[in-house]
Amino acid sequence: MTLTADRPVVLIAEELAPSALEVLADDFDVRHVDGTDRAALLSALADAEAVIVRSATRINAEAIAAAPKLKVAARAGVGLDNVEVSAATARGVMVVNAPTSNIVSAAEQAVTLLLAVARNTASANASLKAGQWKRSKYTGVEICGKTVGIVGLGRIGVLFAQRMAAFGVRLIAYDPYIQPARAAALGVRLVGLDELLRESDFISIHLPKTPETIGLIGAKELAQAKPGVRVINAARGGLVDEQALADAIADGRVAGAGVDVFAKEPCTESPLFGLDKVIVTPHLGASTAEAQDKAGLAVARSVKLALQGEFVPDAVNVQTGGVVAEDVRPLLPLAEKLGRVFTALAGGIAASVTVEVRGEVVANDVSVLRLAATKGLFAHVVEEQVTYVNAPLLAADRGLEVGLTTSPEGGAYDTLVVVRGAKPSGRVVSVAGTFVSSPRETAKLTELDGYDLDLAADGVLVFFRYSDRPGIVGAVGSILGTSGVNIASMQVSRREVGGEALMTLTVDSPVSAEALARAAEAIGATAWSTVDLSAE
């Protein structure tokens with residue numbers, strides 16, 4: 001008699017669709033546990049080579065330590081708030097999710113809210129069920145012939161645009177990270193945010209939540225908006241100032257709103273809740289049977305691929321050990337950070353980007369550094385989690401080409417990585433850095449747009465470009481101080497006295513867009529930006 005080896009254990013910590021379980025049943029020992037019962041979860045993890053969760057189960061360092069055989073942790077959904085990716089990566093555990101499982105549902109939710117707001121559907125429904133027949137009170141507006149402004153033309157924004165096109169609308173969009181030709185191919189005209197506000201009859205938000213996008217639509221923007229505009233937010237809470245939106249509706253400037261997401265969730269109190277012209281839903285963007293099934297199926301397939309040693313398309317922390325040379329490996333986080341800084345300095349998408357690698361390290365295969373830099377370029381730009389796997393696809397979707405050049409000559413540094421690109425306007429943006437191992441391992445920025453630097457590539461960085469003159473340092477420090485932001489270090493670079501200068505600050509906490517704009521105005525800055533390089 002031939003003995004069969006034990007099958008790998010896949011632990012299911014929350015409910016999955018039957019179709020997802022079928023994917024795993026033939027090849028694995030599928031076990032179930034209540035992931036919210038912490039003691040039971042930790043005990044069950046002892047034998048697991050894979051664990052699948054939704055949103056209620058926490059897979060943190062403690063859980064990973066309890067799972068000595070664990071090879072893959074899967075989240076059947078888009079976000080990874082309940083999975084500690086850094087702890088998994090440190091242990092060599094692959095993390096996967098289902099980044100596109102809910103994009104259709106999210107786009108459809110935005111369309112649903114727009115239609116309902118246009119026709120006063122919710123209020124009319126409540127009125128009729130209360131025994132009132134008030135047709136004239138709930139007269140709405142047609143969508144055909146109107147201008148729909150889309151703030152954020154990522155995957156969900158594109159799906160929303162495609163669906164709205166069928167209504168015979170004019171589509172405009174604000175997204176500094178997409179090429180005009182790509183937008184034109186979708187039938188969308190790219191405009192600035194101010195123009196979008198002035199022209200749109202409907203505005204739908206489809207952005208990730210970052211320090212730069214929080215409060216993007218506030219009192220100032222709503223005051224600029226076309227009278228009678230209707231605002232839809234089914235993306236992330238906090239992108240639209242809820243109090244400002246409620247005030248604008250009460251004043252009559254905004255005709256209505258559809259809101260699926262809130263700054264703090266769960267949300268049971270909001271200034272929007274008392275307004276008849278507002279339709280609110282409890283974050284239902286991904287709450288469809290199809291989205292839940294897609295998520296379960298996607299991660300089940302990823303788990304199967306991972307445990308069989310195959311390529312996993314939805315891996316979040318693809319492990320490169322064994323493929324990347326030892327000399328190249330420390331440059332991966334540096335290249336990614338340079339990509340982030342480049343995007344912050346450029347303030348939008350470039351027409352093309354080149355990653356330059358210089359020094360003796362080019363004797364190795366350094367092509368992975370282009371991948372790392374591309375990951376950094378989109379890290380704080382798109383809605384989904386950016387990985388080594390999807391970064392090239394995100395670049396292709398936006399018409400961005402990322403090239404690679406190498407040279408054995410590193411100049412003043414043993415190794416230098418440069419990310420350089422030209423914006424559609426022709427302006428060239430560049431950022432360079434190196435990695436030093438002594439006295440401690442540190443990634444450093446060495447140059448920004450031709451200005452020399454010697455700065456650790458870590459923490460929250462703020463940049464101001466301005467005309468060199470006395471009093472600038474004090475003015476910036478005063479404004480940031482009154483905003484509760486502490487300056488850890490500061491460097492000023494210039495080419496000549498009285499000429500253009502670059503101030504680079506490392507601060508202890510993120511700087512609000514309002515404080516950044518006030519500081520820029522106070523010193524007459526010609527350009528300013530901020531980027532968070534803290535470890536994620």
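These points cover a pair of helices and the sheet they pack on, in a predicted model.

1. **The helix pair.** Helix 13 spans residues 331-346, and helix 14 spans residues 367-377. Their axes come within 7 Å. The crossing angle is roughly 40 degrees. Angles under 35 degrees count as roughly parallel, and 65 to 115 as roughly perpendicular. Helix 13 and helix 14 are therefore oblique to each other. Their crossing is right-handed.

2. **Residues at the helix contact.** Helix 13 contributes Leu-331, Leu-332, Ala-335, Glu-336, Gly-339, Arg-340, Phe-342 and Thr-343. On the helix 14 side, they meet Val-368, Leu-369, Ala-372, Ala-373, Lys-375, Gly-376 and Leu-377. Sorted by class, this contact has nine nonpolar residues, three polar and three charged.

3. **Strand 13 and its two partners.** Strand 13 covers residues 352-359. With strand 14 (residues 401-407) it runs parallel, joined by seven bridges. Here Ser-352 stands opposite Glu-401 of strand 14. With strand 15 (residues 415-422), strand 13 pairs in the antiparallel sense, over eight bridges. In that pairing, Glu-356 stands opposite Val-418 of strand 15.

4. **The whole sheet.** How many strands does the open sheet have, and in what order? There are six, ordered 14-13-15-16-17-18. The pairing is mixed. Strand 14 and strand 18 (451-456) are the edge strands, each pairing on one side only. From one strand to the next, the twist averages 20 degrees.

5. **The strand 18 edge.** Strand 17 (residues 442-448) pairs with strand 18 in the antiparallel sense. Four bridges link strand 17 and strand 18. Leu-448 has Tyr-451 in strand 18 as its bridge partner.

6. **Helix 13 on the sheet.** Helix 13 packs on the sheet and touches strand 13, strand 15, strand 16 (428-436) and strand 17. The direction of helix 13 makes about 155 degrees with that of strand 16. Angles over 145 degrees count as roughly antiparallel, so helix 13 and strand 16 are roughly antiparallel.

7. **Helix 14 on the sheet.** Helix 14 also packs on the sheet. Its contacts are with strand 13, strand 14 and strand 15. The direction of helix 14 makes about 140 degrees with that of strand 14.

8. **Putting it together.** Strand 13 and strand 15 are touched by helix 13, and helix 14 touches them too. Helix 13 and helix 14 also meet each other, with Leu-331 and Val-368 among the residues involved. Strand 14, which helix 14 touches, is an edge strand.

Terms used:
Residues numbered from 1 in each chain as written. Predicted model: local features only at pLDDT ≥ 70, side-chain atom pairs only at ≥ 80, totals over all residues. Heavy atoms only, no water. Axes fitted to C-alpha atoms, helices over the stretch in contact; angles between N-to-C directions. Helix = DSSP H or I, 4+ residues; strand = E, 2+ residues; numbered from the N terminus. Left-handed = near helix turned anticlockwise from the far one by under 90°. Contact = heavy atoms within 4.5 Å. Nonpolar A, V, L, I, M, F, W, Y, C, P; charged D, E, K, R; others polar. Pairing = 2+ DSSP bridges.
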